[in-house]
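Good morning, and thank you for joining this group meeting. I would like to take you through one structure, part by part. Please look at the display as I begin.

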Amino acid sequence: MGGLKRSHTCNDLRAPNVGEEVTLMGWVMRRRDHGGVIFIDLRDRWGLTQVVFNPVFNEEVHEKAHSLRSEWVLAVRGKVEKRPEGMTNPNLTTGEIEVMVDELRILNTSLTPPFPLDEESEISDNLRLKYRYLDLRRLDMAANLIMRHEACQAIRAHLNTQNFLEVETPILTRSTPEGARDYLVPSRVNPGRFYALPQSPQLFKQLLMVAGMDRYYQIVKCFRDEDLRADRQPEFTQIDMELSFVEEEDIYGITEGMIASLFKATRGIDLQPPFPRMTYAEATDRFGTDRPDIRFALELVSLTDIVRDCGFKVFQTVAAKGGMVKSLNAKGCADFSRKDLDDLTEYVGQFGAKGLAWVKVKQGGEWQSPIAKFFTDAERSNMATTLGAEEGDLLFFVADQPTIVQQSLAELRLELGRRLGLVDKSTFQFVWVTDFPLLEYDNDEKRHVAVHHPFTAAKEEDIGLLLSEPGKVRSRAYDLVLNGIEIGGGSIRIHQKDMQERMFTALSISPAEAKEKFDFLLKALELGAPPHGGIAFGLDRLMMILAGKDSIRDVIAFPKTQKATCPLTEAPAKAERKQLTELSLRPDWD
RNA sequence: GGGGUCGUAGUUCAGUUUGGUUAGAACGCCGGCCUGUCACGCCGGAGGUCGCGAGUUCGAGUCUCGUCGGCCCCGCCA
């Protein structure tokens, strides 16, 4: 750097610095060459400072500055000057000053970048990821990483005051059944054996409780080999916590404090814990989902009992066969066009709904609807009352098996919320969802599987039902939902060996299989395991929401494409034959 | 595994509906002019494997089939 030493960043200098001699280093963001005076916006991670090359001030340096181009790396030494009257830039934090350059060092040149590095241009994801180091040089992307750093700092600071211990757990571990597909790593020294990358540090953090660590946390990578989404990457980061001698209320309190300090540190927002709570049963009943967006109403209304004996065969049959008829009232939407209704019908179709019945409530409460004629006056009036229907409203109905009704109406509700502008994007609405079912029946596997995971404790009063009516047992699991997005979940764990064995039985995991795969856990549970529980948060999703982005890729430095590739490194790549042989792998491809 | 959508200059896009002369625009880039700009301005210029491969046709950016890739979604994600 030619003996120059940086004195300030590009977001440091203000009016009080006028007169100081400073040295800045950074990238050429933009140049405005007037033939005479030349302006350069110099950029670093912190911001922009306008540096000026004036031939009257220093002719030699001005001459040299003509060659400067986008993204060249510079060191400039000069004097901070107050901008002339009327020339300040209120859009820049450094807009009151500029640096009159007396010495210019070109630290590196740059090819013309493959895409503009401003904040406005929308570049295709492929190109952004291929040149991610350029993409991240953009100030808005840098801001995301900076905010993520601040979030991690706030989390650590808060948990440290609460007597937590940060402990690392293995990345090379063993596959456990249930849950997502594992990433496998072959073992060279143990031919035919494989490590699995952790889907979460679940068992290790429980073992840390058995070890007496009492309060553990870790900001840790987790791996799941499943298909990607805007909010799902194959490797993602969890804020993982576990606590001993606690029950649900302790977890809620600790994490509400942590989330509050996180929001304060990153966005300056004062949240008001405690967050509202809702049981799983209530959430699915009112919103059709276990992650309700409570920023707007438009709740689902059950009509199953009302239409059980009605004249409309579709509804009647569904009700008779144990299905469900639910509805929602889109207030004031009776002016929706035929196309709107067709679009929405198609929309709910992708969630399995075979149709979307609708009613437009006209003058005097009269029904305009293809299905109006199937109902008696009394039935219509009964439904209208239940739905609070008024003139100008649009009523939607879905009749099917419960899972389809709930999901399609939950999604229809969100879609209507978006279309009608019901969502206040500036608010953060948290809700704890509690009392999840412990188990659900899996039609493919022909057995019950854990809704949360196999180490989740059942509610005391439901334990008796574990083997007789497993589907009715409620668990001590909880999720934290923010604006309709699941940002975290956890549970109070099973801490006694016999209870864990009964759980495996309920899951149709044989004692032999349990011994083979979970012997280490069962042993630990009979060697003084304390009562414990915990929770884990999706850091990427939290940051996505805090940064106001639609994809977690925007808050991850080097994310992967939807096909789980990295355009920058071109991972995954082919392996050398020799490497595979060393791993005792004999591929039958190529 | 499935559905949708996009792929044209370095970038972002128009052109594809209804096949037809030399594929356009803006920004960027290159050159010239310019001493107060801040998305500087003005003048000029260069720049194209229309993702790839077959096919239909006198003729394909445009139609058909296949294929590759980006994105969104369903399934999947304890």
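Which oxygen of RNA strand B is 2.8 Å from an N or O atom in the side chain of Q350? It is a sugar or linking oxygen of the strand. Please keep in mind that we are discussing a predicted model.

Let us stay with RNA strand B. Two further contacts deserve a place beside that of Q350. For D33, a backbone N or O atom lies 2.7 Å from a base nitrogen of RNA strand B. For R553, a polar side-chain atom lies 3.0 Å from a phosphate oxygen of the strand. Several elements give two or more residues to the surface near the RNA: β1 (21-33), β2 (38-44), β5 (97-108) and α2 (125-130).

I turn now to the whole of that surface. RNA strand B is surrounded by 53 residues, and M87, E98, D227, A450 and H452 are the closest. By type, these surface residues divide into 17 nonpolar, 20 polar and 16 charged. On the RNA side, 53% of the atoms within 4 Å of the protein belong to sugar or phosphate, and the rest belong to bases.

Next, the interior. How many residues does the largest nonpolar core have? It has 41, and the residues with the most contacts inside it are M241, I259, F263, F430, F537 and L542. Helix α6, residues 248-267, gives the most to this core, with 7 residues. If you select F537, you can trace its contacts beyond four places away in sequence. Among them are T237, I239, M241, I259, L480 and L542. Apart from this core lies another, of 23 residues, and A450, A506, F518 and L525 are among its members. A450 is thus a name we have met before, as one of the closest residues to RNA strand B.

Let us move to the strands. An open sheet of 8 strands runs in the order β6-β9-β10-β22-β21-β20-β17-β11, with mixed pairing. Why is one side of β6 and of β11 left without a neighbour in the sheet? Both β6 (165-166) and β11 stand at the edges, and each has a single partner strand, so one side of each has no neighbour there. As a general point, strands of a sheet pair through backbone hydrogen bonds, either parallel or antiparallel. Strand β10, residues 235-244, and strand β22, residues 532-538, pair in the antiparallel sense over 7 bridges. Within that pairing, the bridge partner of Q238 is G538 in β22.

I close with some details of the backbone. A cis peptide bond joins P273 and P274, with omega about 0°; P274 has its place in the loop between α6 and β11 (277-279). Another cis peptide bond, also with omega about 0°, joins A571 and P572. The loop that holds P572 runs between α15 (539-547) and α16 (577-582).

Finally, consider two residues with a positive phi. E71 is not a glycine, yet its phi is about 70°. E71 is found in the loop between α1 (59-65) and β4 (73-82). D214, likewise not a glycine, has a positive phi of about 70°, and is found in the loop between α5 (202-210) and β9 (215-223). Is E71 buried or exposed? Its relative accessible area is 3%, and so E71 is buried. D214, at 32% relative accessibility, counts as partly exposed.

Terms used:
Residues numbered from 1 in each chain as written. Chains lettered and ligands numbered in written order. Predicted model: local features only at pLDDT ≥ 70, side-chain atom pairs only at ≥ 80, totals over all residues. Heavy atoms only, no water. Near = heavy atom within 4 Å. Polar contact = N/O pair within 3.5 Å; in protein donor to acceptor, adjacent residues only side chain to side chain. Helix = DSSP H or I, 4+ residues; strand = E, 2+ residues; numbered from the N terminus. Nonpolar A, V, L, I, M, F, W, Y, C, P; charged D, E, K, R; others polar. Core = buried A, V, L, I, M, F, W, Y, C linked by side-chain atoms within 4.5 Å. Buried < 20%, exposed > 50% of the residue type's maximum accessible area, 1.4 Å probe, protein only. Contact = heavy atoms within 4.5 Å. Pairing = 2+ DSSP bridges.
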